[in-house]
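Here are a few exercises to work through with the structure open beside you. Try each task first, then compare your steps with the solution.

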Amino acid sequence: MSILVIDRKTVDESISNRETLREAKVAYEYINSILKYSDVRMDKETVKELENATDILKDLYECTYSTTYDNEDKKEQLLTDCSCPDCHNQLSVSDLIDYSYTCNNCDKNLYDFEVDSEKVWYLEETRELISPLFVGESKIRVVPEPILNKYIDCWSKHEELPIKDDLLYCKTDNKIIALDNSSGDCWVEEFDNEIDAKKWLLGIEECSEMEI
């Protein structure tokens, strides 16, 4: 495994700490998207090299965050324009690269889709302009309930599916129904809210699944 040694002085005197965090986060997300969603068949050596790259970026991110947090003159670079969905406190950049935000008041980390904002701190584009390959969330498609039901019916009858997407969910009066057909097994689960449904579809949280 590659080991990254970072000179804190070098980090401080190069591009801004926030820009270092942003670029490390973007590169990390891109590589993880390739590892998770690319249809290109990669050999074990290539996969290992990509995984090593994410480890290096994670080390860089954590070191830069620590350097920024410990420096009172630079600490404000960690602030974002977003608010916590629970306490409405101003959110900061997360200290963990797998998350996007942290609420110091609630003492918890948050993903992009848990925050009600069109902007994501590490992207210049709005959510709507993000490339589908860039984040797993954009692989998820919201559909009307009849389309989801038709999808399930066609899958069970081995007929042509109405749409090509394989990560879907629909909103009903009192629940969210999510469908994951990425493995071809057509798993379906019910949730009380969209955030939990998205976490399940992205493989962030485990739950009891029901196969059709």
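The exercises below look at a sheet and at salt bridges in this model, which is predicted.

**Exercise 1. The sheet**

Task: Work out in which order the four strands of the open sheet are arranged, and which strands are at its edges.

Solution:
- Start with the order, which is β1-β2-β3-β4, with antiparallel pairing.
- Next, look for strands that pair on one side only: these are β1 (79-83) and β4 (108-110), the edge strands.
- Finally, compare directions: neighbouring strands of this sheet are turned by 40° against each other on average, direction ignored.

**Exercise 2. Two strand pairs**

Task: Follow β2 (residues 90-93) and find which residues stand opposite serine 92 and valine 93.

Solution:
- Begin on the β1 side, where two bridges join β1 to β2 in the antiparallel sense. Here leucine 79 stands opposite serine 92.
- Between β1 and β2 the hairpin has six residues, and histidine 88 in this hairpin has a positive phi near 65°.
- Now turn to β3 (residues 101-103), which pairs with β2 over two bridges, again antiparallel. Tyrosine 101 in β3 is the residue opposite valine 93.
- As a reminder, strands of a sheet pair through backbone hydrogen bonds.

**Exercise 3. A salt bridge within a helix**

Task: Find the salt-bridge partner of arginine 22 and say where the two residues lie.

Solution:
- The partner is glutamate 19, with the closest N and O atoms 3.1 Å apart. That is within the 4 Å cut-off for a salt bridge.
- Both residues belong to helix α2 (residues 17-37) and are three residues apart, about one turn of the helix.
- Glutamate 19 has a relative accessible area of 25%, and is partly exposed.

**Exercise 4. Two more salt bridges**

Task: Among the seven salt bridges in the count, examine those of lysine 157 and lysine 171. Which parts does the second one tie together?

Solution:
- Lysine 157 meets aspartate 153, the closest N and O atoms being 3.3 Å apart. Lysine 157 is partly exposed at 48% relative accessible area, and aspartate 153 is partly exposed at 32%.
- Lysine 171 forms a salt bridge with glutamate 194 at 3.2 Å, N to O. Because lysine 171 lies in strand β6 (residues 167-171) and glutamate 194 in helix α5 (residues 194-201), the pair ties together parts that are 23 residues apart in sequence.
- To finish, check exposure: lysine 171 is partly exposed at 49% relative accessibility, and glutamate 194 is partly exposed at 29%.

Technical notes: Residues are numbered from 1 along each chain as its sequence is written. This is a predicted model: local features need pLDDT of at least 70, side-chain atom pairs count only at pLDDT 80 or more; totals for chains, interfaces and linings use all residues. Side-chain values use heavy atoms; hydrogens and water are left out. Two strands pair if DSSP finds at least two bridges between them. Axes are lines fitted to C-alpha atoms, for helices over the stretch in contact, and angles run from 0 to 180 degrees between N-to-C directions. A salt bridge is a side-chain nitrogen of Lys or Arg within 4 Å of a carboxyl oxygen of Asp or Glu. Buried means under 20% relative accessible area, exposed over 50%, partly exposed in between (1.4 Å probe, protein chains only).
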